[in-house]
Amino acid sequence: MADSLAVPDIPHTDRVALQAATTALVVVDMQHDFVSDGGSLQVPDAQATVPVIVDLIRRFRAVDARIVFTQDTHRDGDPEFAIWPAHALEGSHGWEIVDELHPLPQDTVLRKPRYDAFYGTPLDHLLRQWGVTTLVICGTVANICVHYTASSAALRWYDVVIPRDAVSALDPFDLAASLRQTTSLLAGRVTTAGGIDLSKT
C-alpha cells in the first residue's frame, strides 16, 4: 500500500455569477474556540481566512443579500465531547463569534448542536421563505461542519459554492478531500472569494 495518496485535481471555477436575491452567505462556526489562539479546537489556518470572510460579508451586505452565521453550541456532558475535547460551551468566550465578523441585527445567527447547520435548526425553512436557491458557504472546519452543511444543502437541491480561500481545516489533506467531494458528489462549485460576482439585479 502506498505511503501517501495524491489528491486528484479539484475542478475550479474562475468566476461564479450570482444574484443577491436568491443567494445567501453561510458563515460556519467562526468562533473563538476554532479561530483564536488558545481555543480548545483551534484550526491552524482559520485566522488567515478572517479578512477574506470580512470582505465577503461586506460585499453581501452591500447588495442586501442574506447572511447566516452558524454558532456551534454545546452544554456540559454533550455526547460530542466523546469525539472532541469540550468546545463551544454556550455562554463561554470560546462559543462567541470572533469580533471581526460580528453579526449585525439584520443577519441571522443559528445555534446548531451538530456538524450539519440544517440539523435541529430552521435553516431550510428560512432559506425557502427568503427564496434563496444558492448558498455560498465559508468558515471552518472545511471537512466537518462546512462539508456536512454543504452536503445537506445539496441533498435539498440548493446550489453550493465554496470559496476555497475562505475555508480552513485541521489538515491540508482534509481540506482538499472535502473540496473534491463538493465538486464530484454534490455538483458544487469551488472558486475563490474574488471569483464570486454578486449582482443586485
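**Figure 1. L175 and its surroundings in helix α5.** This close-up of a predicted model centres on L175, a residue found in helix α5. Leaving aside residues up to four places away in sequence, L175 touches A142, V167 and A169. For a sense of scale, look across to L89: 86 residues separate L175 from L89 in sequence, and their C-alpha atoms are 25 Å apart in space. L175 turns up again in two of the views below, as a member of a helix contact and of a cavity lining.

**Figure 2. Helices α4 and α5, side by side.** Two packed helices are described by the angle between their axes and the distance between the axes. Here α4 and α5 pack at an angle of about 15°, and their axes lie 9 Å apart. Because angles under 35 degrees count as roughly parallel, α4 is roughly parallel to α5. The crossing of this pair, α4 and α5, is right-handed. On the α4 side, the contact is made by A142, N143 and H147, while α5 brings D174, L175, S178, Q181 and T182. Sorted by character, the residues in this contact of α4 with α5 are two nonpolar, five polar and one charged.

**Figure 3. The second largest cavity, lined in part by α4 and α5.** How big is the second largest cavity? Its volume is about 40 Å³. Its lining is made of A142, V146, H147, A150, I162, V167, L175, S178, L179 and T182. Two elements, α4 (142-155) and α5 (172-184), each give two or more residues to that lining. Seven residues of the lining are nonpolar and three are polar, with no charged residue in the set. Readers coming from the previous view will recognise A142 and H147 of α4, along with L175, S178 and T182 of α5, as residues of the helix contact.

**Figure 4. The largest cavity and the residues around its centre.** The structure holds two cavities of 30 Å³ or more, and this view shows the largest, with a volume of about 130 Å³. Its lining counts 14 residues, and those nearest the centre are F34, L41, W84, V141 and I144. What is the make-up of the lining of the largest cavity in nonpolar, polar and charged residues? It divides into nine nonpolar, two polar and three charged.

**Figure 5. Backbone details at T140–V141 and at D29.** Most residues other than glycine have a negative phi, and most peptide bonds are trans. Two spots in this model are worth a look with that in mind. A cis peptide bond joins T140 and V141, with omega about 0°. V141 is placed in the loop between β5 (134-140) and α4, and V141 is also one of the residues nearest the centre of the largest cavity. The other spot is D29, in the loop between β2 (23-28) and α1 (32-35). D29 is not a glycine, yet its phi is positive, at about 55°.

Methods. Residues numbered from 1 in each chain as written. Predicted model: local features only at pLDDT ≥ 70, side-chain atom pairs only at ≥ 80, totals over all residues. Heavy atoms only, no water. 1 Å grid on protein atoms, 1.4 Å probe; cavity = no way out; pocket = protein on both sides within 12 Å on 5 of 7 lines; lining within 4 Å. Points joined across faces, edges and corners; volume = space filled by probe spheres on them. Nonpolar A, V, L, I, M, F, W, Y, C, P; charged D, E, K, R; others polar. Helix = DSSP H or I, 4+ residues; strand = E, 2+ residues; numbered from the N terminus. Axes fitted to C-alpha atoms, helices over the stretch in contact; angles between N-to-C directions. Parallel < 35°, antiparallel > 145°, perpendicular 65-115°, else oblique. Left-handed = near helix turned anticlockwise from the far one by under 90°. Contact = heavy atoms within 4.5 Å.
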